[in-house]
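Subject: Structure for your review

Dear colleague,

Please find the structure below, handed over for your review. A short account of the findings comes after it.

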Amino acid sequence: MSIPESRHPLVKLAPDEAAMLERVRALVAERIGPDADRVAQQDVFAWDTFRLLCSEGIVATAFPRAYGGTEASMLLRVRIIEEVASVCSTAASLITGTDLSSRPIVAGASEELKRALLPDLASGARQSAFALTEPGAGSDVARLAAHYTAAPDGGWILNGQKKFITRANVADMFVVVARQADGPEGARGLSGFVVPRDTPGITVSAEVPKLGWYGVPIASIRFDQVRIPPDHLLGQAGEGMAVAQDTLLRARIGHAAIALGRAAGALQIAAQYANQRQVFGQPIGGHQGVQWMLAEMAAQIEAARCLVYSTAQRYDAGDADVAIHASIAKMHVTDLGMRIVVDCLQLLGGNGYLKAFPLERFLRDAKMNQIGEGSSEVHKNLIGRHVLRRAAALPQHPCLDMEPELWK
């Protein structure tokens with residue numbers, strides 16, 4: 001139920017970008033959509049889907065042209081993700097996962113390391129995984145316990161554990177954020193590294209079973225006295241979170257785009273079902289209650305679409321406030337997406353609860369968007385604090401004509 005970009009006032013794509021989006025639409029209709037149910041049967045890495053995304057140049061959209069990518073705008077990226085997510089969370093998450101796993105290398109690696117790694121990552125010949133979350137720390141990076149020390153002969157020694165790491169079982173390298181042993185607390189003590197998978201001392205667990213998002217398994221990683229070469233530091237020591245900020249920002253916008261696409265896909269399924277399913281002598285879509293449900297969902301999706309597109313435009317423009325808008329989009333659209341999938345499944349009645357219908361899969365996948373890359377509650381805290389700071393910096397509202405002493 002998406003609106004073609006030529007008809008949406010917030011989307012202005014160049015001819016080559018519009019052509020790419022049309023190719024994606026064809027892939028969704030002919031390859032990704034029809035294969036989505038098969039991909040979701042087992043939680044093993046979806047190699048066929050990944051290779052398709054690579055061969056069609058979709059993975060390359062996340063990388064700079066100088067290293068084999070096409071350097072797509074964020075606006076084009078969210079449109080691609082929205083289209084793909086309307087049928088398959090796995091394919092969409094493989095696209096957004098490229099941002100999460102590779103952008104720290106784009107942002108912080110030396111020129112030599114970029115040239116050694118990025119062309120293969122852009123083509124899909126190699127993969128990386130972003131290792132931030134730990135057993136005792138996720139969004140609260142101040143609690144990260146994985147730590148590094150300087151090696152006597154140069155480089156560093158890494159020790160610690162990571163969990164919930166997507167692509168850990170198939171990655172050729174890990175982007176690891178760790179704390180300097182006996183260094184400063186908080187984000188100032190964190191550094192980022194590229195750690196090749198075949199480095200001695202790395203142990204990757206078996207795939208960890210989960211509720212949904214099959215096709216992109218997660219695993220845990222242990223680092224025991226892992227030697228990191230000197231040139232594998234990303235940025236400067238102590239800049240780990242600064243290097244990762246763009247990664248997290250793009251990933252949050254990506255989550256919002258996935259939730260938007262899935263909600264639009266769910267609404268299309270529900271509306272088409274409502275046109276066909278007969279109840280009390282007429283299609284269920286002929287009943288006012290159903291029409292009102294569809295109307296409310298359509299309005300909410302279009303409002304969410306405007307929020308996601310405007311956030312992407314802020315990112316492309318380098319807007320200083322894009323981070324808080326990414327949090328707003330991530331929180332609002334992922335929560336909305338969950339509600340819409342639930343309501344659409346309700347419209348299908350008993351059929352919606354069956355694995356033979358796609359909304360059962362949509363429902364299991366939707367929950368992850370509310371949790372990954374900062375839960376909705378974490379983003380509410382960020383947004384609430386931002387609103388309070390902004391209010392404190394503004395002149396008093398002209399309608400609030402009273403002395404501060406009277407407010408107490």
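The notes below cover a pair of helices and then a pocket.

This is a predicted model, in which local features need pLDDT of at least 70 and side-chain atom pairs count only at pLDDT 80 or more, while totals for chains, interfaces and linings use all residues. Residues are numbered from 1 along each chain as its sequence is written, and side-chain values use heavy atoms, leaving out hydrogens and water.

Helix 8 (residues 322-347) and helix 9 (residues 359-371) pack at an angle of about 160°, and their axes are 9 Å apart. Helices here are DSSP runs of H or I with at least four residues, and strands are runs of E with at least two, numbered from the N terminus. Axes are lines fitted to C-alpha atoms, for helices over the stretch in contact, and angles run from 0 to 180 degrees between N-to-C directions. Helix 8 and helix 9 are therefore roughly antiparallel (angles over 145 degrees). Among the residues making the contact (heavy atoms within 4.5 Å) are Met-338 and Leu-345 of helix 8 and Phe-362 and Ile-371 of helix 9.

The largest pocket (an open set of points on a 1 Å grid over the protein atoms alone, where a 1.4 Å probe fits, with protein on both sides within 12 Å along at least five of seven lines; lining residues have an atom within 4 Å of a point) is lined by 40 residues. Nearest its centre lie Thr-133, Met-368, Ile-371, Gly-372 and Glu-373. Helix 6 (240-276) supplies the largest share of this lining, six residues.

Yours sincerely

Note on methods
Parallel < 35°, antiparallel > 145°, perpendicular 65-115°, else oblique.
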